[in-house]
Every structure is written in C-alpha cells, then in structure tokens.
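Trainee: Got a few minutes to go through this model with me? I'd like to ask about it bit by bit.

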There are 2 protein chains.
Amino acid sequence: MKKRYRNGEIWDFEHEIGELGNREVILGLDGGTTSTVCICMPIFPFSDPFPDPLPVLARAVAGCSNHNSVGETAARETLEQVMADALLKSGSNRSAVRAVCLSVSGVNHSTDELRVLNWLREIFPTHVKLYVQNDAVAALSSGTMGKLHGCVLIAGTGTIAFGFTEDGRQARAAGAGPVLGDWGSGYGIAAQALTAIVRAYDGRGPVTILSSNILQTLGLSSPDELIGWTYADPSWARIAALVPVVVSCAEAGDRVAHEILQDSVEELALSVKAVVQRLGLCGEDGKASFPLVMVGGVLEANKRWDIGKEVVNHISKSYPGVLPIHPKVEPAVGAALLGWNFLMTESHKEACKR
Amino acid sequence: MKKRYRNGEIWDFEHEIGELGNREVILGLDGGTTSTVCICMPIFPFSDPFPDPLPVLARAVAGCSNHNSVGETAARETLEQVMADALLKSGSNRSAVRAVCLSVSGVNHSTDELRVLNWLREIFPTHVKLYVQNDAVAALSSGTMGKLHGCVLIAGTGTIAFGFTEDGRQARAAGAGPVLGDWGSGYGIAAQALTAIVRAYDGRGPVTILSSNILQTLGLSSPDELIGWTYADPSWARIAALVPVVVSCAEAGDRVAHEILQDSVEELALSVKAVVQRLGLCGEDGKASFPLVMVGGVLEANKRWDIGKEVVNHISKSYPGVLPIHPKVEPAVGAALLGWNFLMTESHKEACKR
C-alpha cells in the first residue's frame with residue numbers, strides 16, 4: 001500500500017484547481033460500518049421549501065470509517081481521502097469549504113466527538129465550521145431536511161431510535177446490539193426465525209413453513225445443518241439477510257412468521273415511544289405532532305406485510321401526532337443539510353450581535 | 001512443542017509395567033469444550049447396587065478434545081495422551097483394556113462417531129470394545145450409573161436435553177447455542193439480565209436492581225459502558241458467569257430478575273418435556289416414572305431461588321413420574337460405567353448364544 005502523508009499527497013490536486021475552486025461549499029459525511037459517503041454541496045440561499053432537486057456538486061464513497069472497527073489511523077485516512085475525493089470531483093479547494101458536518105457511527109461520547117474534531121481540525125483551517133455527530137443524526141436529518149428535531153428509527157441489520165428536541169436535548173433507545181436486546185432489528189427477526197425452525201424440529205415449537213423456505217434459501221437439507229451454518233460466520237448481516245424470507249412466509253399466512261414480525265413491530269415501536277416519552281416530543285397533552293424518520297431495510301422493503309406501516313400504527317395509538325417520513329435523500333445529504341442549517345443559524349446569530 | 005508419534009513415545013511407559021498391568025480395566029472419557037477427563041476403572045463383578053465407593057484406579061485430565069474447536073489432529077492427540085496418562089497412573093498396559101467408552105462434545109452425527117472410532121481403532125487392538133457417544137450421554141450415565149435410559153438436562157453456559165429409551169431410541173432438544181434459542185442456559189439468563197439493564201436505562205423497561213448489582217460486579221460505572229464490555233470478548237462463558245448475581249437479585253425480591261429466572265425455568269422444562277414426549281418416556285398414560293439427570297451450574301448452585309427445583313416442579317405438572325437425580329459421580333465415571341454396562345450386556349448375549 002502506498003504510504004500517505006497527512007495533508008500531503010491526498011491534497012496535491014489543489015494546486016491545479018483554478019478560481020472556480022473557491023466557490024463556497026459544505027461537506028456532508030455519513031460514515032457507517034460498511035462505507036463512508038461524502039457529499040459536496042454549494043452554499044445556497046435560504047428558501048422554504050429547499051430547491052428540488054438539491055444542488056449537489058459531487059459525491060465520493062470510501063470504506064468503513066468507524067474507528068471501533070478499523071482502528072484510528074485507518075478511520076482517519078478514510079475520512080480524509082473521501083473528503084479530498086469529493087472536493088476534487090467538485091473542482092474545489094479546501095479553502096472553499098465553509099463547514100464540514102460529519103455523522104459517523106461509533107461516535108457515542110463527547111470524547112469520541114472531540115477526537116474526530118481534532119482530526120478534522122488538522123485538515124481544515126480554523127475558520128471552517130466543524131460539526132461531528134453520531135450516524136443516526138444524518139439519518140434523521142435526511143428526513144427532516146437538516147432540522148435536528150424529532151425521532152429517527154433505524155432498522156437494518158441492527159436497530160436504534162434517536163431523538164432530538166429543538167432546544168438541543170437528545171435521547172436514544174436500543175442500538176446495543178443483538179446480545180443486549182435489539183430484538184426488533186433485521187438480525188433479531190432472522191435469528192427468531194432460525195430459532196423457530198430448531199424449536200419446530202425438536203418438538204418445542206409449532207410447525208412452520210419457515211423451515212422449508214429458509215432451508216431452501218440456504219441450500220441446507222436438514223435443520224440439523226442450521227447449527228453449523230449459523231456459527232460458521234459471526235456476521236450479523238448474513239443472518240439479517242433472511243428477513244425477506246420471513247416476510248414472505250408471514251404474507252403466505254404462516255402464524256409463526258407473523259408473530260415474529262409482530263414482536264419486531266412491538267419492539268421497534270417501544271424504542272420510539274421510549275425516546276418520545278423521555279424528550280416530551282409529543283407535547284404535554286401527548287398529542288403534539290413530531291417527525292418520525294424511518295430508515296433501513298426492515299422498514300422499507302415490505303409488500304403486503306409492511307413492518308414500517310405497522311410500527312407507525314402501533315406508535316400512533318400512544319402518540320397520534322406521529323408524522324412518518326421516508327427520506328428521499330441519502331444520509332450524507334442529510335449531513336450536508338444539517339451543516340448548512342448550523343451555518344445559517346450561526347450566521348444569523350452573528351448578524352444579530354452586530 | 002515436542003513432536004509425538006502415534007502409538008510411539010506416548011506409550012513408552014508400557015515396557016516398564018509388570019504383571020499387574022494386565023488386570024482388566026475400562027476407560028471412561030468425558031471430552032468437553034474446556035477439558036477432557038479419563039477414568040480408569042477395573043472390571044468388577046455385577047452387583048446391585050454398585051460398590052460404594054466405586055473402584056477407580058486412576059484419573060487423568062487434559063485440554064479440549066472437541067474437534068470442532070481445536071481441529072482433528074489436536075483432538076486426537078489430546079484423547080490419546082489422556083488415555084495413556086490414565087493407564088500409566090493406574091499401572092496398566094493397553095493390553096489390559098477391555099473397553100473404551102468415549103463421550104465427547106462435537107459428536108452429533110454417525111460420521112463424527114465413525115471418525116473417532118477410527119482414531120481409537122488405531123490405538124487399541126481389535127478385541128477391545130469401543131463405544132463413542134455425545135458428551136450428554138456421559139452426563140446421563142453419571143446419574144443413572146451407566147444405564148442408557150431417561151433424560152439428562154444440562155444447563156451450564158449452554159443447555160441441552162438428551163433422552164434415551166431402553167430400546168435404543170434417542171432424542172434431543174435445544175443445544176443449538178444462543179443465536180438459535182437456548183434461552184434457558186446460563187448465557188441466556190445473563191444476557192437477558194444485561195438486556196434488562198439497557199432497557200431500564202433507555203426507558204423501554206422497568207427499573208431493576210440488576211443494574212446496580214451487575215455494574216458493580218463488572219466494575220462499570222454506567223449502563224453505557226455495558227455495550228463495550230459485552231462485545232469486547234465473544235466468550236459465552238464470561239457472560240454466563242453473571243448467573244449468581246441474577247439469582248441473588250431474584251432472592252432479594254427483584255421482579256425483573258425473578259421473571260428472567262421464571263422464563264429460564266419454563267424454557268428448560270420445555271426442552272425436557274419435548275424429549276419425554278417424543279420418546280414416550282412417560283409411558284402411554286403419561287404417568288410412568290423416568291429418571292431426569294440434572295447437570296450444570298444453572299441447576300446446582302442455587303439457594304432460596306432454586307432453578308433446578310422449579311424446573312422439576314414445572315415438569316412434574318405434565319409428567320408426575322419424573323425422578324430428578326443430581327449425579328454423585330463425574331461424567332467420565334458415568335462413561336466408564338456405561339462402558340461396563342455395554343460390556344456386561346455383550347458378554348451376557350455371547351454367553352446365551354453358546
């Protein structure tokens with residue numbers, strides 16, 4: 001591997017960019033456990049609603065930037081490279097950057113936040129505004145178009161509910177992984193389905209068409225072989241990939257599959273309700289409206305048995321003001337919009353001071 | 001590491017053993033995932049009950065002999081070494097061995113059984129009787145004193161129920177690991193307790209003293225730190241070690257801990273009932289008596305809140321003939337007794353033919 005020097009080779013392209021490269025831009029980053037996306041967006045004047053389509057100058061993609069997964073050095077290099085790529089593609093220099101909003105998984109404490117801020121500070125001059133957030137924030141923002149208000153429910157391989165109030169309070173529920181009870185997640189649903197097969201086989205549970213359908217999908221001939229298959233690879237995503245089979249079994253009328261999905265709905269709704277309750281997003285009378293941004297394969301790819309729709313139905317029984325939103329832009333764009341919002345707010349405050 | 005040659009250096013001691021080394025013996029082995037125990041027992045004449053204490057000439061201990069965990073070569077070497085050690089300690093030659101009964105984890109199919117039989121066949125001459133069984137068999141046998149009849153419930157880090165009928169049928173339930181629903185196991189109980197802490201913390205579940213008691217045990221200051229602790233090490237045993245804390249919380253009247261143990265009781269009882277039902281151990285009227293051998297930390301180390309006792313109470317509601325047994329000898333002795341029983345049965349059959 002070519003050795004990279006910070007602020008060295010990565011930024012060589014800047015010498016070759018002309019006047020246009022100083023048009024002011026914002027970088028929005030979404031750093032997940034599988035990939036990192038960086039969006040370069042021009043500063044555009046306030047309008048309500050936002051221009052449609054949104055002005056996006058460039059998009060760059062790199063690998064994982066979760067420091068828990070790949071270590072600090074690799075995470076930092078990935079972030080720097082993907083920002084340089086986005087700027088290069090957009091024909092911009094670093095001097096054109098007004099703000100960077102980085103929403104990255106693995107940022108759970110202020111110490112994580114500070115570390116990432118320090119990395120960014122070494123790359124960008126002091127006048128550049130830097131914002132570092134958990135990756136759930138970009139997901140929320142992709143639905144609220146940059147406003148930090150409401151709740152986001154993410155349900156893919158894992159699940160988490162994250163909420164924000166306009167006065168800056170935040171709360172989360174779930175997101176602790178499969179050992180610690182993220183039962184509504186894609187992994188949770190699929191693990192329950194595999195368990196149901198074993199239980200039907202050894203006489204602890206009812207017969208279910210999950211057995212034939214999942215074994216066929218996996219190319220296995222007997223439930224005995226499920227044990228070997230399950231523990232051959234510790235990847236949660238590999239198990240979560242079975243969710244569509246569970247959904248199709250439930251759609252075909254299988255009671256066991258139906259109950260697994262129903263449990264998942266209750267778990268996911270419970271996460272959202274815990275966040276809404278703690279933040280008072282529903283107002284004092286419990287009826288105020290609040291956005292619920294819904295993200296992730298479990299909430300999206302449904303047909304007749306629609307997990308996302310059922311979750312909203314469930315929540316609305318307690319909180320009738322819930323306003324479900326399925327984002328139309330990706331989380332990195334959400335991060336850029338959030339950066340834009342932060343910048344506008346700060347400019348406004350500074351203007352008021354003068 | 002010193003290179004060993006099969007049937008070579010390991011058996012060098014045999015040249016130095018005198019006449020006494022030809023007194024007939026049986027080897028009983030219990031091969032688990034953490035250690036392997038070999039017992040050398042003399043052939044003793046039939047008596048009912050067995051002599052107390054049982055005649056044991058020697059006991060040897062070695063590491064893991066589960067081929068799924070350590071690979072074939074290491075598993076085979078461990079087995080050979082532990083048998084040689086037991087024979088050396090008892091002052092016996094291989095020519096003194098009448099039978100070897102090996103009960104080893106990871107033997108789930110006839111192909112596994114055949115492979116281990118072939119290893120043994122290379123070590124011992126053809127007149128030596130060889131018996132290879134799953135490790136649950138030694139556990140059952142340690143309670144029934146060598147009889148393959150009844151059900152064994154093992155609940156330590158993992159859990160499995162295994163049953164046998166006198167006419168040779170067998171059935172199992174659970175034993176598929178934590179992903180596949182072994183919820184009544186020590187790991188299952190402790191993982192539920194950790195989950196309860198997270199749920200109480202983020203507002204999804206009721207307050208519980210599990211939070212303070214478990215965090216204190218682990219030296220953590222906040223439930224936030226549980227996520228890092230949980231995923232820092234994939235060992236199931238490390239999590240299962242928290243069971244005594246859950247039991248003490250339940251004994252102190254904590255409702256959440258009580259419910260976790262109650263769920264565990266129902267799960268463990270369900271495993272036994274599934275096996276009893278499939279094998280008809282309870283007879284046609286459901287009231288016949290059958291032994292239930294209970295093994296493992298979850299069923300043993302209880303005080304006021306006694307999981308094992310509750311499991312038996314639960315089972316006896318469906319099957320009043322259940323006869324709980326807490327073994328007084330270790331599984332390797334159970335394996336040796338099983339070998340002794342097999343040998344006596346075969347001798348009897350051969351005598352009848354003549």
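What follows is a chat about the domains, the chain pairing and a few contacts in this predicted model.

Trainee: Let's start inside one chain. How far apart are the centres of domain 1 and domain 2 of chain A?

Mentor: The domain assignment splits chain A into domain 1, covering 9–145 + 330–353, and domain 2, covering 178–325. Take the C-alpha centres of those two parts of chain A and the separation comes out at 33 Å.

Trainee: And how much area do domain 1 and domain 2 of chain A bury between them?

Mentor: Start with the contacts: 4 residues of domain 1 of chain A touch 4 residues of domain 2 of chain A. Of the area that the two domains of chain A bury, 85% is on carbon and sulfur atoms. On the domain 1 side, the residues divide into 2 nonpolar, 2 polar and no charged. The buried total for the two domains is about 300 Å².

Trainee: How many salt bridges are there between domain 1 and domain 2 of chain A?

Mentor: The polar contact rule finds 0 residue pairs across that interface, counting pairs with both residues at pLDDT 80 or more. For salt bridges between domain 1 and domain 2 of chain A, the count is 0.

Trainee: Now the two chains. How much area do chain A and chain B bury between them?

Mentor: The contact takes 35 residues from chain A and 35 residues from chain B. Carbon and sulfur atoms carry 61% of the area buried between the chains. The total for chain A and chain B is about 2,700 Å².

Trainee: Which residue of chain B meets A:R199 in a salt bridge?

Mentor: Side chains of opposite charge can pair when their charged atoms come close. Between chain A and chain B the count is 2 salt bridges. In the one with A:R199, N and O are 3.0 Å apart, and the partner is B:E267.

Trainee: Which element gives the largest share of the side of chain A that touches chain B?

Mentor: Across the interface of chain A and chain B, 16 residue pairs are in polar contact, both at pLDDT 80 or more. Several elements of chain A each supply at least two residues to that side, including β8 (170–174), α7 (224–231) and α10 (255–279). The largest share is 9 residues, and it comes from α5(A).

Trainee: What kind of axis relates the two copies?

Mentor: Chain A can be laid on chain B by a turn of 180° and a shift of 0.0 Å along the axis, with an RMSD of 0.0 Å. In chain A, the C-alpha nearest that axis belongs to A:V179, at 4.5 Å. The interface fits in too: 100% of the interface residues of chain A are also interface residues in chain B, so the copies meet through the same surface. The two copies are therefore related as by a two-fold rotation axis.

Trainee: Back within chain A, how many residues apart are A:E14 and A:R94?

Mentor: A:E14 and A:R94 form a salt bridge, with their closest N and O atoms 3.0 Å apart. A:E14 sits in the segment before β1 (25–31), while A:R94 is in the loop between α2 (72–90) and β4 (97–104). The pair links distant parts of the chain, 80 residues apart.

Trainee: Last one: which residues does B:H127 contact, leaving aside its neighbours within four places in sequence?

Mentor: B:H127 lies in the loop between α3 (110–123) and β5 (129–134) of chain B. With those neighbours left aside, B:H127 is in contact with B:S95, B:V97 and B:R98.

How values were computed:
Residues numbered from 1 in each chain as written. Chains lettered and ligands numbered in written order. Predicted model: local features only at pLDDT ≥ 70, side-chain atom pairs only at ≥ 80, totals over all residues. Heavy atoms only, no water. Domains from an automatic or database assignment. Contact = heavy atoms within 4.5 Å. Buried area = accessible area lost by both parts, 1.4 Å probe. Salt bridge = Lys/Arg side-chain N within 4 Å of Asp/Glu carboxyl O. Polar contact = N/O pair within 3.5 Å; in protein donor to acceptor, adjacent residues only side chain to side chain. Nonpolar A, V, L, I, M, F, W, Y, C, P; charged D, E, K, R; others polar. Helix = DSSP H or I, 4+ residues; strand = E, 2+ residues; numbered from the N terminus. Least-squares fit on C-alpha atoms with pLDDT ≥ 70 in both.
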